[in-house]
Amino acid sequence: MQYRQVIITGSSSGFGEAFARELASPGVRLVLIARRGELLQRLAAELKAACGAAELLVHPCDLADAEARRRLIEELSRELSGGGSLLLINNAGLGDYGEFISSEPQRNRQMTEVNMAAVVDLCRGLLPLMAEQGGGIINIASLAAELPIPDFALYAAAKTFVASFSEALRLELRERGIPVLAVCPGPVHTGFGQVARRSGCSDGKSSFHDAFYTPINTVIRGSLHALAKRRARYYPSLRIKLAAYLLRCLPLPLLRLILSRRPRRVHPKA
C-alpha cells in the first residue's frame, strides 16, 4: 500500500529522520513529531526543498508529557481526517545505561512515558482513522526485546513490551487490513547510545557489537519492505535474526548465568 499520510515520532534525528528522508515525496503528507522543534523545522525545510513533499506538518511535542500527547492526538485527528491512508511510525525512544539503583526517578518516568505510554496512546488515538481510511503501524522495538539486560533494565523491558504489544495488535487488526510491524534492530549508529550513556560509563564498543551493527538505511528500507509483506517482526540481518532465535530458545537459568558474567561497562560504587 502507498500511504498518503505518514506520522513519524522522534523524527528530528536517528531512525525518525531517516524514515522522513526515505518517505518524503510528492503526494505524501509527512507529519514530523519530536521534542526539538528547531530541528524539525530545519528538516522540514530541507525536505520541502529537496523532495517536493506534498505537505509537511511539524508538531513539536514532548511525548513524555501525557497532556501534551492528548493535545497532539486531538490535533492529528483533525488534520488527518479525510486525507487518505495513514502510516504511523512509533520511533521516539529514550535510553539510560547504568545501574537501576542509581537511576534518576524522573528519567525513569520519562522513559516509561515515551517508550511505552506514547506508543499505546498514539496507536489508540489514530486507529479509528486507520480503520476508516486505511493504514499501517511500525513500532521500533529492538533485539533487546529478547532478553533482560542488566544495566539497561528499564529500556530492555520497554522494548519487550513494544514487541509483545505489536504482536497482539497485529492479530487484532488483521481482519481490518491494518498491518503492524515490530522492528528489532541490533546496534545502529544513530547517536542513541551516546545520549543513553551516563557519565562514568565506557563507550561499550566490543567485537560483539561490531558484528551486529547494521547501516541505518538497511533498517529503514527493510522495515518498509517487511511492512508491505505484512510480516510480524523485522530483523535487519541474518545474524540478528539468528541471535534472536537463539536467545529465545535458551533455557532461562542458562541465560541468567550468561548475563551474570557479562563484561561490565558500569561498576557499582563502593
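**Helix packing, backbone and salt bridges**

User: Why are α1 and α2 called roughly parallel to each other?
Analyst: In this predicted model, helix α1 (residues 14–23) and helix α2 (residues 37–51) pack at an angle of about 20 degrees. Angles under 35 degrees count as roughly parallel, and α1 and α2 therefore belong in that class. Their axes are 10 Å apart, and the crossing of α1 past α2 is right-handed.

User: What makes α1 oblique to α8?
Analyst: The angle between α1 and α8 is about 60 degrees, with their axes 10 Å apart. That makes the pair oblique, because the roughly parallel class ends at 35 degrees and the roughly perpendicular class runs from 65 to 115. The crossing of α1 and α8 is right-handed.

User: How do you know that R21 and E17 meet in a salt bridge?
Analyst: The N to O distance between the side chains of R21 and E17 is 2.8 Å, and the rule asks for within 4 Å. Both residues lie in helix α1, four residues apart, about one turn of the helix. R21 is partly exposed at 35% relative accessibility, and E17 is partly exposed at 23%.

User: Which parts does the salt bridge between R29 and E55 tie together?
Analyst: The closest N and O atoms of R29 and E55 are 3.0 Å apart. R29 is in strand β2 (residues 29–34) and E55 in strand β3 (residues 55–60), so the bridge joins parts 26 residues apart in sequence.

User: Is E146 buried or exposed, and what is its salt-bridge partner?
Analyst: E146 has a relative accessible area of 13%; the limit for buried is under 20%, so E146 counts as buried. Its partner is R248, with the closest N and O atoms 3.0 Å apart. The pair links R248 in helix α9 with E146 in the loop between β5 and α5, 102 residues apart. R248, at 47% relative accessibility, is partly exposed.

User: What is notable about the phi of D151?
Analyst: Most residues other than glycine have a negative phi. D151 is not a glycine, yet its phi is positive, about 75 degrees. D151 lies in the loop between β5 (135–140) and α5 (153–173) and counts as buried at 7% relative accessibility.

User: Why does R230 count as partly exposed?
Analyst: The relative accessible area of R230 is 43%, between the 20% and 50% limits, so R230 is classed as partly exposed. R230 lies in the loop between α8 (216–228) and β7 (233–234) and has a positive phi near 60 degrees.

Technical notes
Residues numbered from 1 in each chain as written. Predicted model: local features only at pLDDT ≥ 70, side-chain atom pairs only at ≥ 80, totals over all residues. Heavy atoms only, no water. Axes fitted to C-alpha atoms, helices over the stretch in contact; angles between N-to-C directions. Helix = DSSP H or I, 4+ residues; strand = E, 2+ residues; numbered from the N terminus. Parallel < 35°, antiparallel > 145°, perpendicular 65-115°, else oblique. Left-handed = near helix turned anticlockwise from the far one by under 90°. Buried < 20%, exposed > 50% of the residue type's maximum accessible area, 1.4 Å probe, protein only.
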